[in-house]
Amino acid sequence: MANMIETLKIDNTTTTLVDSVEHRLLRFFKEQNLRPGSSIPSEVEMAKALGVGRAVLREALSRFKMTGMIVSRTKKGMVLAEPSIFGGMKLCLNPLLMNDDTLLNLLEFRVALEIGISDAIFSNVTPTDIEELQEIVDMGLSIENNKYAPISEYHFHTKLYAITGNRIISEFQELIHPVLVFVKEKHQEFFAPIEQELMQKGEIVTHRDLFEYIRRGDLEGYKQAIVGHFRLYTLYIERKKQSQKGCDILE
């Protein structure tokens, strides 16, 4: 540990002192080839090697702790751990602090991701999954007419994410859902006429429709249907962007 700590120095930079400590610690962990479970030097040792006060060091360490990258263990002190992929994102993903462009980009990303996981759903779906999807769809039909109500959307699509077996995808769904609900509630004046338009054209693709493709094992039919299911959102994105461009021209 002594030889290790001797390499810990801060470069002269224009960033804040806490930022410099954070960046140097990240480099230090990589240079020492540390892995989850590896012990790291004590606060006293690191502060001395870095040439900073313990208050500054603790502020930098707190950033790592918020993401789960550093944890304290009995008798081992501080050790590295596998950080949460979305740990930092969870702290700042407040839709009230996002402009319309960011919200549109997140919505667009979610739609692209949902369409992209089609193959994984069909590769991993089990008879038990089919039964659970059936229950979700039936519940949606009984209480929400199985369209775009938030409860149906959340439970049905959360189940689809879970079927992929990819925990990162499932974590993303948990993270992004409140943002999508916020977008829809905030811009209901955009969504309502689009939904009415799709209903009049008979182009609404419901969860029941999606479920039937999954139940029958019709992957290609599902891929077309999931695009149709998200047509409400893709039309919203297209028209919102057109509206923004119109405002920019007027300005």
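A crossing is left-handed if the near helix is turned anticlockwise from the far one by less than a right angle, and right-handed if clockwise. I wrote that down before opening the model, and I will need it shortly.

**Ground rules.** This is a predicted model, where local features need pLDDT of at least 70 and side-chain atom pairs count only at pLDDT 80 or more, while totals for chains, interfaces and linings use all residues. Residues are numbered from 1 along each chain as its sequence is written, and side-chain values use heavy atoms, with hydrogens and water left out.

**Overview.** I looked up the secondary structure and found 14 helices and two strands in the protein. Helices (H or I, at least four residues) and strands (E, at least two) are DSSP runs, numbered from the N terminus. Of the 251 residues, 40% are buried; that word means under 20% relative accessible area, with exposed over 50% and partly exposed in between (1.4 Å probe, protein chains only). I also checked contacts, meaning heavy atoms within 4.5 Å. Among those with a separation of 6 or more, 69% come from residues 24 or more positions apart.

**H6 against H10.** I turned next to helix H6 (residues 100-116) and helix H10 (residues 167-186), which pack at an angle of about 125° with axes 10 Å apart. Axes here are lines fitted to C-alpha atoms, for helices over the stretch in contact, and angles run from 0 to 180 degrees between N-to-C directions. H6 and H10 are therefore oblique to each other. For the labels, angles under 35 degrees count as roughly parallel, over 145 as roughly antiparallel, 65 to 115 as roughly perpendicular and the rest as oblique. My opening definition now pays off: the crossing of H6 and H10 is left-handed.

On the H6 side I listed Asp100, Leu103, Leu106, Leu107, Phe109, Arg110 and Leu113; these meet Phe172, Gln173, Ile176, Val179, Leu180, Phe182, Val183 and Lys186 of H10. By class, I have eleven nonpolar, one polar and three charged residues in this contact. The classes put Ala, Val, Leu, Ile, Met, Phe, Trp, Tyr, Cys and Pro under nonpolar, Asp, Glu, Lys and Arg under charged, and the others, Gly among them, under polar.

**Glu114.** Still in H6, I stopped at Glu114. Its relative accessibility is 0%, so Glu114 counts as buried. What does its side chain join through a polar contact? I found Tyr161, at 3.1 Å; such a contact is a pair of N or O atoms within 3.5 Å, where within protein one must be able to donate a hydrogen and the other to accept it, and residues adjacent in sequence count only if both atoms are side-chain atoms. Beyond four places in sequence, Glu114 touches His157, Leu160, Tyr161, Ile226 and Phe230.

**H3 against H4.** Helix H3 (residues 43-50) and helix H4 (residues 54-66) pack at about 110°, axes 9 Å apart. That makes H3 roughly perpendicular to H4. I noted six nonpolar, no polar and three charged residues in their contact.

**Two stops in H2.** Val18 sits in helix H2 (residues 17-31) and counts as buried at 16% relative accessibility. Outside four places in sequence, Val18 contacts Val56, Glu59, Ala60 and Arg63. Glu22 is in H2 as well, and is buried with a relative accessible area of 18%. With the same neighbours left aside, Glu22 contacts Ala60, Arg63 and Phe64. Glu22 and Phe64 are 42 residues apart in sequence, yet 8.4 Å apart C-alpha to C-alpha.
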